[in-house]
Amino acid sequence: MLAAAIDARDPYTMAILQGFPAVPAYCQGTRFTEKELGELEIACLFHDVGKIKTPDAILRKEGPLDPSEHREMMKHTVYGADILSKAPSLHKYILPVRHHHERFDGTRLS
């Protein structure tokens, strides 16, 4: 249901999600267990849930975002973690949602 809400708010995100079945395949040969891979697939569904709180003027803007708009857009990771914190059954997805724009060294991807 949460993924459907994200899609209703931002169809671009659903298009990205449809590419995520490749994530478990990408992780083959790693030390992830089957259960962990399943959890990763679910985390992928929630990764942009925080965009629900992103203003339409930014979320649906055509063309590049200016620096302040980009900063606001990137807050979706914090918003998403907060949203997931409301449901104890979703707590295990908070860290992947909160940090999905970071590299392993903690630097930002975008």
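## Salt bridges

A salt bridge is a side-chain nitrogen of Lys or Arg lying within 4 Å of a carboxyl oxygen of Asp or Glu. K86 and D82 satisfy this criterion, because their closest N and O atoms are 3.2 Å apart. The model examined here is a predicted one. K86 is exposed, its relative accessible area being 61%, while D82 is partly exposed at 36%.

The structure holds 5 salt bridges, and two others among them are described here. K51 and D48 are joined through their side chains at an N to O distance of 3.3 Å. Both partners are buried: K51 has a relative accessible area of 8%, and D48 has one of 4%. E69 is paired with K61, with 2.6 Å between the closest N and O atoms. In this bridge E69 counts as buried at 16% relative accessibility, whereas K61 counts as partly exposed at 32%.

## Overall architecture

The chain contains 8 helices and 0 strands. Read from the N terminus, the order of its elements is therefore α-α-α-α-α-α-α-α. Of the 110 residues in the chain, 34% are buried.

The contact pattern can be described by separation in sequence. Among contacts between residues at least 6 apart in sequence, 57% join residues at least 24 apart. The exposed surface of the chain amounts to about 7100 Å², of which carbon and sulfur atoms supply 62%.

## The largest nonpolar core

In soluble globular proteins, nonpolar side chains tend to be buried together. The largest nonpolar core of this model comprises 10 residues, namely I6, A43, F46, V49, A81, L84, L90, Y93, I94 and V97. The elements contributing two or more residues to this core are α4 (34–46), α7 (76–85) and α8 (94–98).

F46 is one of the core residues. It counts as buried at 11% relative accessibility. With neighbours within four places in sequence left aside, F46 is in contact with L2, L84, L90, Y93 and V97. Of these partners, L84, L90, Y93 and V97 are listed in the core as well.

## The aromatic pair

The structure holds 1 aromatic pair. F46 and Y93 form this pair, with a centre-to-centre distance of 5.4 Å and an angle of 55 degrees between the planes. The geometry is classed as tilted, because the angle is neither under 30 degrees, as stacked rings require, nor over 60, as edge-to-face rings require.

F46 belongs to helix α4 and Y93 to the loop between α7 and α8, so the pair ties together parts that are 47 residues apart in sequence. Y93 is buried, with a relative accessible area of 6%, and F46 is likewise buried, at 11%.

## The loop between α5 and α6

Which residues does L65 touch, not counting those up to four places away in sequence? The contacts are with I58, H70 and M73. L65 itself lies in the loop between α5 (56–59) and α6 (67–74).

Is L65 buried, partly exposed or exposed? Its relative accessible area is 27%. L65 therefore counts as partly exposed, because buried means under 20% and exposed means over 50%.

Methods
Residues are numbered from 1 along each chain as its sequence is written. This is a predicted model: local features need pLDDT of at least 70, side-chain atom pairs count only at pLDDT 80 or more; totals for chains, interfaces and linings use all residues. Side-chain values use heavy atoms; hydrogens and water are left out. A nonpolar core is a set of buried Ala, Val, Leu, Ile, Met, Phe, Trp, Tyr and Cys residues joined through side-chain atoms within 4.5 Å. Buried means under 20% relative accessible area, exposed over 50%, partly exposed in between (1.4 Å probe, protein chains only). Helices (H or I, at least four residues) and strands (E, at least two) are DSSP runs, numbered from the N terminus. Contact means heavy atoms within 4.5 Å. Rings of Phe, Tyr and Trp (its six-membered ring) pair if their centres lie within 6.5 Å; planes under 30 degrees apart count as stacked, over 60 as edge-to-face and the rest as tilted. Accessible areas come from the Shrake-Rupley method with a 1.4 Å probe; for residues, only the protein chains shown count as cover.
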